[in-house]
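Visitor: I am new here, and I would like to know what lies behind the words people use for a protein. Could you take me through it step by step?

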Amino acid sequence: MKKNKAKSLKKRNLKKLQYGSLSIALTVAFIAAILLGNAAISYVTDRYSLKADISAEGLYQISEQTEIMLKNLDQPVRAYILMSEANAYAAGNDYYAVASEFLKRFVTLSDGKFSVEFIDVYKNPAFMNKYDEESGISAGSFIIESDTRYRVCSMYDLYEVSVSYSEDGTATQYISGFQADETFASMLHYVTTGELPTVVQITGHREYYDEVFLEIFEKNNYEILECNLSMEEIPASADIILISSPKVDFTEAEIEKIDKYLREDFGSAMVFVDFDSYDLDLFELYFEEWGIGVEQKMVMDSARAISMPFMVVPYVQNNDFIDGFSYDENTMIVAPNSRKLDVLFETSGSYTTTVLLKTGDTSYAKDYSVDEPISVYAKEDGDETGPFPMAILSEYFEWSNNRAYTGRVVFFGTSGVTNETMLETAALSNNRFLTHVINYINPTTDTVTLEARDLTSTSMAILTEQANVILVLLVLVIPVITLGLGLLVYMRRKNK
């Protein structure tokens, strides 16, 4: 009996051992499979940048415009991040980690024509010797290069920095946006473009050019030159000329140089006049030939403006020019302190005019002069009633050998549309609209029109009429409704 019990016990122990061994083996195999699968997935995601973007701001989302450039690459392009990969992804280096991860996603979209490599310049200092010191290259830089040329940026070029002020006036800088898509796309565009475009600032008449406006051209890889028409001819390489806020009139000889560039060389111009641009008789007379008139009146709007009546928000006009520019009636392009423009004709000979921006019916224009500046912004008797054009496109056509040649002028009643605040306020479309203008008047070069990913709470710009509605709702309508509901509840309970 004891022997049978011992045998039975031994059998049970043997079965337990077999089951236990099998369980351990399966567990080990399962863990090994997980580890191998994880390693394989990690390799694939690192090699082909297949990681999902689950960030709230969509930091790693690559724009369609950048995707198209990557898919259309016809040459190898190399990117270098001048630090070790371990340091780029080390704790506390979040900004580098995000930027590096974003750039690595270019590899998959380019079908292998775009590559990314980390270079530890402390272990390989000779690597930087092949680059010009004036390019700003240093440890931590990002380089994108082709066989033709290269461009360098720093980590600071990939993030938008804003300034906040406390009640005591202390300024504090903070990261407000992630603009790697725009910066890397601009660099990619630069290294793969054949001949780079040129924009020329006309000088000699106390013109003013906002640096942030010129940055639009820099980001789109334009070479920026200056030309004093009293001493120089407009360069033959000029794709666009700029005339912004002149205070001194042009001479006949200077006007002839502009006319030759626009009508014989079929060039393009962006022109901005301001409310304090007085006595530009020859200058204004020349552009009347292009169907554009300028008056000494300032445009105001009692409703469609931001904060003050002179901060006018015109409507974008629906025409062929607007193709590729997405907009609706709520698109806000602010044109502050604008002079009144006139369309002198729609078509005359070889010229055709098109209104790009126009005010609404609530707008009005006030006369002013050096001796009698504007002191009252509200509409008064005698003020001219709108709507008024605020940006006009004029085109000169000439046919030769069955081909149309075109000279173009886009004329604005204010340089305020290029103001730093107007261009850098995320809620406004000034930057996007001006970039579209540049792309239209120089169609041989594609512009990069990408916006930074907002890393802060978004501010909202509202029109005067919208602000008034909100004020009425918050101060009058909602409190009255709340009071009425309260009285209704009180009366019902009282009568029970």
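Guide: Gladly. Let us start with a definition: a residue is called exposed when its relative accessible area is over 50%, buried when that area is under 20%, and partly exposed in between. Please keep in mind that this is a predicted model.

Visitor: Why is Asp 279 called exposed?

Guide: Its relative accessible area is 63%, and the mark to pass is over 50%. Asp 279 is therefore exposed. You can find Asp 279 in the loop between β10 (268-272) and α9 (281-288). Asp 249 is 30 residues from Asp 279 in sequence, with 6.7 Å from C-alpha to C-alpha.

Visitor: What about Ala 97, is it buried or exposed?

Guide: Ala 97 has a relative accessible area of 16%, and buried means under 20%. Ala 97 therefore counts as buried. Ala 97 sits in helix α4. Setting aside neighbours within four places in sequence, Ala 97 is in contact with Ala 88 and Tyr 89. The C-alpha atoms of Ala 97 and Asn 87 are separated by 8.8 Å, and these residues are 10 apart along the chain.

Visitor: What makes the meeting of Glu 85 and Lys 104 a salt bridge?

Guide: The nitrogen of the Lys side chain has to be within 4 Å of a carboxyl oxygen. Here the N to O distance is 3.5 Å, so the pair meets the definition of a salt bridge. It links distant parts of the chain: Glu 85 belongs to helix α3 (residues 85-88) and Lys 104 to helix α4 (residues 94-104), 19 residues apart. Glu 85 is partly exposed at 39% relative accessibility, while Lys 104 is buried at 10%.

Visitor: How many salt bridges are found in the whole structure?

Guide: A search finds 16. One of them joins Glu 284 and Arg 339, with the closest N and O atoms 3.2 Å apart. Glu 284 is in helix α9 and Arg 339 in strand β15, 55 residues apart.

Visitor: How do you know whether Arg 339 is buried or exposed?

Guide: The relative accessibility of Arg 339 is 1%, to be set against a limit of under 20%. Arg 339 is therefore buried. Its partner Glu 284, at 17%, also counts as buried.

Visitor: What can you tell me about the salt bridge of Lys 366 and Asp 383?

Guide: Their closest N and O atoms are 2.8 Å apart. Lys 366 lies in strand β18 (residues 363-367) and Asp 383 in the loop between β18 and β19, 17 residues apart. Lys 366 is buried at 3% relative accessibility, and Asp 383 is buried at 15%. In addition, Glu 295, Lys 297, Lys 340, Asp 342 and Glu 384 are joined into one network by salt bridges that share partners.

Visitor: In the sheet with the order β15-β11-β18-β19, why do β15 and β19 count as edges?

Guide: This is an open sheet of four strands with antiparallel pairing. β15 (339-343) and β19 (384-385) each have a single partner strand, so one side of each is left without a neighbour in the sheet. The partner of β15 is β11 (residues 292-301), and they pair in the antiparallel sense over four bridges. Met 298 has Arg 339 in β15 as its bridge partner.

Visitor: How do you know that Ile 481 can belong to a surface patch?

Guide: Residues in a patch need over 30% relative accessible area. Ile 481 is at 48%, which makes it partly exposed. Ile 481, Leu 485 and Leu 488 form a nonpolar patch with about 280 Å² of accessible area together. Ile 481 is in helix α12 (residues 464-495).

Visitor: And what is found in the largest nonpolar core?

Guide: That core has 66 residues, and those with the most contacts inside it are Ile 202, Met 270, Phe 411, Phe 412 and Phe 433. Apart from it lies another core of 34 residues, among them Ala 79, Tyr 96, Cys 153 and Leu 188. In soluble globular proteins, nonpolar side chains tend to be buried together.

Visitor: How many helices and strands does the protein have?

Guide: There are 12 helices and 22 strands. Of the 496 residues, 44% are buried.

Terms used. Residues are numbered from 1 along each chain as its sequence is written. This is a predicted model: local features need pLDDT of at least 70, side-chain atom pairs count only at pLDDT 80 or more; totals for chains, interfaces and linings use all residues. Side-chain values use heavy atoms; hydrogens and water are left out. Two strands pair if DSSP finds at least two bridges between them. Helices (H or I, at least four residues) and strands (E, at least two) are DSSP runs, numbered from the N terminus. Patches are made of residues with over 30% relative accessible area and no salt bridge: like charges are joined within 9 Å, nonpolar side chains (Val, Leu, Ile, Met, Phe, Trp, Tyr) within 5 Å. Accessible areas come from the Shrake-Rupley method with a 1.4 Å probe; for residues, only the protein chains shown count as cover. Buried means under 20% relative accessible area, exposed over 50%, partly exposed in between (1.4 Å probe, protein chains only). A nonpolar core is a set of buried Ala, Val, Leu, Ile, Met, Phe, Trp, Tyr and Cys residues joined through side-chain atoms within 4.5 Å. Contact means heavy atoms within 4.5 Å.
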